[in-house]
Protein chains: 2
Amino acid sequence: MCSIDAAVKVIGEKWALLALRELVMGCTRFDEIVSNTGVSRDILAARLRSLEGAGLVRREKYEEKPARYEYRLTEAGAQLFGLLHLMRDWGDRYVRDDPENIVTFRHDCGAKLRPELHCAACGEVLEPGSITSDRDVHRSDITAA
Amino acid sequence: MCSIDAAVKVIGEKWALLALRELVMGCTRFDEIVSNTGVSRDILAARLRSLEGAGLVRREKYEEKPARYEYRLTEAGAQLFGLLHLMRDWGDRYVRDDPENIVTFRHDCGAKLRPELHCAACGEVLEPGSITSDRDVHRSDITAA
């Protein structure tokens, strides 16, 4: 199994991703997520249950009587924020045809957010040709045999 | 419309993503993608047509008689490599339960690849709490009103 495949199984569905987007942006209430995304209540309830089952979201009671819950990201869920921003940035640049409606994000440094992927070890910007895998090595073995 | 939503429409499907993974890793031939992913030929043909229609993939003839084609990433497609690596890294860490089968990737610097998201403007590592959006500002306006 591939980890991309594994990730897609958990997050590769429109409403699940939009729910995660809302949670990453700090919306924790069911009704707030409904009104920000336009998702139906049934679908959102099902997606939040799946995300909870997958360990990305946890439910927390914030009112006793009547019992009311809000939704929080777990560590695994919170770590998706970078993926969501990279996905959004790619969508902004290559898919959208309505630039006037694009939401602007800013980093604390004041600049318009442009996320860039670096190697955590050496700090360099990652380029497509700078990455090799075990699988490539195994293939060369096969080719050489 | 949201760019995450827009991106998911184009790439949010298991076989489309696995085909993109293969293209990012340098596999350009239809049969090679079939054998590396286990996708059915019908589904792969359909996904490659969609990806071509969306401007992520282009078909190039590499043999005249008989006419044979290979698949190449466009600029928009090639720019997905970071997203795929971040997705893979997240899947490795938070979804997989078979660590012995995880493929290791290395950066050219020699280190095991750990992709990290930085602000392209100031170079700092991006943290969830360090990003604000137009939407937050509009909301504060509404709350303040």
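This report walks through a predicted model of two protein chains, A and B.

**Chain A at a glance**

Chain A has seven helices and five strands. Along the sequence they run α-α-α-α-β-β-α-α-β-β-β-α. The chain therefore opens with four helices and ends with one, by that pattern. The table collects some overall values for chain A.

| Property of chain A | Value |
|---|---|
| Radius of gyration | 19 Å |
| Box filled by C-alpha atoms | roughly 70 × 40 × 30 Å |
| Buried residues | 46% of 145 residues |
| Exposed area | about 7,500 Å² |
| Share of that area from carbon and sulfur | 48% |

How does the radius of gyration of chain A compare with that of a compact globule? A compact globule of 145 residues would come near 15 Å, but chain A has 19 Å. The box is taken along the principal axes. Contacts can also be sorted by separation in sequence. Among contacts in chain A with a separation of 6 or more, 37% join residues 24 or more positions apart.

**Two copies, one axis**

Chain B superposes on chain A after a rotation of 180°. The shift along the axis is 0.0 Å, and the RMSD is 0.0 Å. That is the relation of a two-fold axis. Which residue of chain B comes closest to the axis? B:Leu117 does, with its C-alpha at 2.3 Å. The interface fits this picture. Of the interface residues of chain B, 100% are also interface residues in chain A, so the copies meet through the same surface.

**The nonpolar core**

In soluble globular proteins, nonpolar side chains tend to be buried together. Here the largest nonpolar core has 71 residues. Residues from both chains are among those with the most contacts inside it: A:Ile11, A:Leu20, A:Leu56, A:Val57, B:Leu20 and B:Val57.

A:Leu20 gives a closer view. Beyond its neighbours within four places in sequence, A:Leu20 touches A:Ile11, A:Leu51, A:Leu56, A:Val57, A:Leu73, A:Leu80 and A:Leu84.

**A serine facing the other chain**

A:Ser3 sits in helix α1, which covers residues 3–11 of chain A. Is A:Ser3 buried or exposed? It counts as buried, because its relative accessibility is 2%, under the 20% cut-off. Leaving aside neighbours within four places in sequence, A:Ser3 is in contact with B:Met87, B:Arg88, B:Gly91, B:Asp92 and B:Arg96. With B:Arg96 there is also a polar contact of 2.9 Å between the side chains. A:Glu116 is 113 residues away from A:Ser3 in sequence, and the two C-alpha atoms are 21 Å apart.

Definitions and conventions
Residues are numbered from 1 along each chain as its sequence is written. Chains are lettered from A and ligands numbered from 1 in the order in which they are written. This is a predicted model: local features need pLDDT of at least 70, side-chain atom pairs count only at pLDDT 80 or more; totals for chains, interfaces and linings use all residues. Side-chain values use heavy atoms; hydrogens and water are left out. A nonpolar core is a set of buried Ala, Val, Leu, Ile, Met, Phe, Trp, Tyr and Cys residues joined through side-chain atoms within 4.5 Å. Buried means under 20% relative accessible area, exposed over 50%, partly exposed in between (1.4 Å probe, protein chains only). Contact means heavy atoms within 4.5 Å. Copies are superposed by least squares on the C-alpha atoms of residues with pLDDT of at least 70 in both. Helices (H or I, at least four residues) and strands (E, at least two) are DSSP runs, numbered from the N terminus. The radius of gyration is taken over C-alpha atoms; the globule rule is 2.2 Å times the number of residues to the power 0.38. Accessible areas come from the Shrake-Rupley method with a 1.4 Å probe; for residues, only the protein chains shown count as cover. A polar contact is a pair of N or O atoms within 3.5 Å; within protein, one must be able to donate a hydrogen and the other to accept it, and residues adjacent in sequence count only if both atoms are side-chain atoms.
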